[in-house]
Amino acid sequence: MARVLVAGAGPVGLTAALVLARRGVPVTVLEAEPGLAAESRASTFHPPSLEMLDELGVLDALLERGLVSRTFQYRERRGGVIAELDLSVLSGDTPYPFRVQCEQSKLTPILRDRLLAAGGEVRFGAAVRAVLPHAGGVEATTAAGGRFRADWLIGADGAGSAVRRSLRIGFEGMTYPERFLVASTRTPVEELLPGIAAVNYVFDPGEWLVLLRTPDHWRVLFPTPDGTPDDRELSRLPERLRGVADTEWDVAHASLYRVHQRVASAFRAGRVLLAGDAAHVNNPLGGMGMNSGIHDAVRLAGALAGVLEGGPEAALDEAAAARLDVALSFVRKVTHANWERMRSSDPAAHHAELRGLAADPAAMRRHLLRTSMIASLRDAA
């Protein structure tokens, strides 16, 4: 059978490779780094992603490492809980009516091991630098001078994708006016703020923030003005954390990064497909980046396997077009609306709406179908 290359051994690339390997397709993953990334990065898995990971045989291992979060909260900075939403109202829509909080770095070793067991291959230290289409296939060249030929290639090599750039696929969008400062802390936030959920969106007209629990840490996300030195903002972190709870915080790691909202002009170019951040990036509010990338991987790799098994190539075009539409009309729209709501100069204007959702199970379900991403994949009206 035809061989497929996958650029990138993150959760998206490894998911795509595993889908193919389980269908008997020879697949090689080319990863730039010497090993799997250890950074926490994305940490929320939505119900549809859990369904897909279950079908791939990796969900049980993820659940052993993660935290099940059945509720999430909208909070005021100093006024407590505005509304708590319960994902159990989705029990008729999904077998997994909850989120799982777990760093993506805990999923990728599971995917790698399953991929190797299914006959796939991972090459580390193989940073793809260019992709050259040729008759009947593609050739990928790496920074170390390696040359890999295959029939198809899936680019899952991140927002700076060399695959996308070498094919001159557009990547239009915007850059947000503030940077995001994320701190991972060993401080037990659940003791400082009793009753807090594992996922919390905190409104404040002066400084909104997000509080997320993972198995190893709590993560605190602050918006940070553009144009100030990074070292100055990092030095202010203890003061900002004391504004959340007046204690000395035990910070394990902190990083400051810019946030973009961009979508590739096409998710397919001949024998090359794009998935995950290589195809679209968005702000992290709502946890849709990694999840939509996993959805890309399952849909596109599944369609490609169908083509390699003799199915019509039109099915692959349909899958690529569908994932592009989700990126444009759903992920981009929802995550940008989340950002606008959080930074509102009058957050109290949203309180009545949120309390109304919490008090009305039918309205809550409609809202959670969107925030859980179920509505991006199927009609669940």
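In which sense do E9 and strand E10 pair, and over how many bridges? The points below take up this question first and then move through other parts of the structure, which is a predicted model.

1. Strand E10 covers residues 137-142, and E9 pairs with this strand in the antiparallel sense over six bridges. One place where the two strands face each other can be found at His134, which stands opposite Gly137 in E10. As general background, the strands of a sheet pair through backbone hydrogen bonds, and the pairing can be either parallel or antiparallel.

2. These two strands belong to an open sheet of three strands, whose order is E9-E10-E11 and whose pairing is antiparallel. Strand E9 (128-134) and strand E11 (147-150) stand at the edges with a single partner strand each, so one side of each has no neighbour in the sheet. From one strand to the next, the twist averages 20 degrees.

3. Strand E1 (residues 4-7) offers a second example of pairing, this time in the parallel sense. Four bridges join E1 to strand E12 (residues 152-155), and the two run parallel; within this pair, Trp152 in E12 is the bridge partner of Val4. E1 also pairs with strand E2 (residues 27-30), again in the parallel sense and over four bridges, and here Val6 stands opposite Val29 in E2.

4. The side chains of E1 deserve a look of their own. Val4 and Val6 point one way from the strand, while Leu5 and Ala7 point the other way, and all are buried.

5. Where does Ser166 lie, and which residues does it touch outside its own stretch of sequence? Ser166 lies in helix H5, which covers residues 162-166, and with its neighbours within four places in sequence left aside, Ser166 is in contact with Arg129, Ala130 and Val131. Ser166 and Ala130 are 36 residues apart in sequence, yet their C-alpha atoms are 5.4 Å apart in space. A polar atom of the Ser166 side chain lies 3.2 Å from the backbone nitrogen of Val131. With a relative accessible area of 27%, Ser166 is partly exposed.

6. A little further along the chain, Arg168 is found in the loop between H5 and strand E13 (171-175). Most residues other than glycine have a negative phi, but Arg168, which is not a glycine, has a positive phi of about 55 degrees. Arg168 is exposed, because its relative accessible area is 79% and exposed means over 50%.

7. Helix H2 (residues 47-55) is largely enclosed by the rest of the structure, because seven of its nine residues are buried. The buried residues are Pro47, Pro48, Ser49, Leu50, Glu51, Met52 and Leu53. They pack against strand E3 (44-45), helix H3 (59-65), strand E7 (99-101), helix H4 (104-117) and H9. Gly57, which follows H2, has a positive phi near 80 degrees.

8. Helix H9 (residues 289-308) packs with helix H10 (residues 314-342) at an angle of about 170 degrees, and their axes are 8 Å apart. That angle makes H9 roughly antiparallel to H10. Among the residues of H9 that take part in the contact are His295, Leu300 and Val307, and those of H10 include Leu316, Arg323 and Val331. Sorted by class, the contact of H9 with H10 has ten nonpolar, two polar and four charged residues.

9. Asn338 also has its place in helix H10. Is Asn338 buried or exposed? Its relative accessible area is 16%, and Asn338 is therefore buried, since buried means under 20%. Beyond its neighbours within four places in sequence, Asn338 is in contact with Leu285 and Gly286.

10. The last point concerns helix H12 (residues 361-371), in which Thr371 is found, and the segment after H12, in which Met373 lies. Thr371 is buried, with a relative accessible area of 16%, and apart from its neighbours within four places in sequence, Thr371 is in contact with His46, Phe72 and Met288. Met373 is buried as well, with a relative accessible area of 0%. The phi of Met373 is near 80 degrees, a positive value in a residue other than glycine.

Methods
Residues are numbered from 1 along each chain as its sequence is written. This is a predicted model: local features need pLDDT of at least 70, side-chain atom pairs count only at pLDDT 80 or more; totals for chains, interfaces and linings use all residues. Side-chain values use heavy atoms; hydrogens and water are left out. Two strands pair if DSSP finds at least two bridges between them. Axes are lines fitted to C-alpha atoms, for helices over the stretch in contact, and angles run from 0 to 180 degrees between N-to-C directions. Buried means under 20% relative accessible area, exposed over 50%, partly exposed in between (1.4 Å probe, protein chains only). Contact means heavy atoms within 4.5 Å. A polar contact is a pair of N or O atoms within 3.5 Å; within protein, one must be able to donate a hydrogen and the other to accept it, and residues adjacent in sequence count only if both atoms are side-chain atoms. Angles under 35 degrees count as roughly parallel, over 145 as roughly antiparallel, 65 to 115 as roughly perpendicular and the rest as oblique. Ala, Val, Leu, Ile, Met, Phe, Trp, Tyr, Cys and Pro count as nonpolar, Asp, Glu, Lys and Arg as charged, and the others, Gly among them, as polar.
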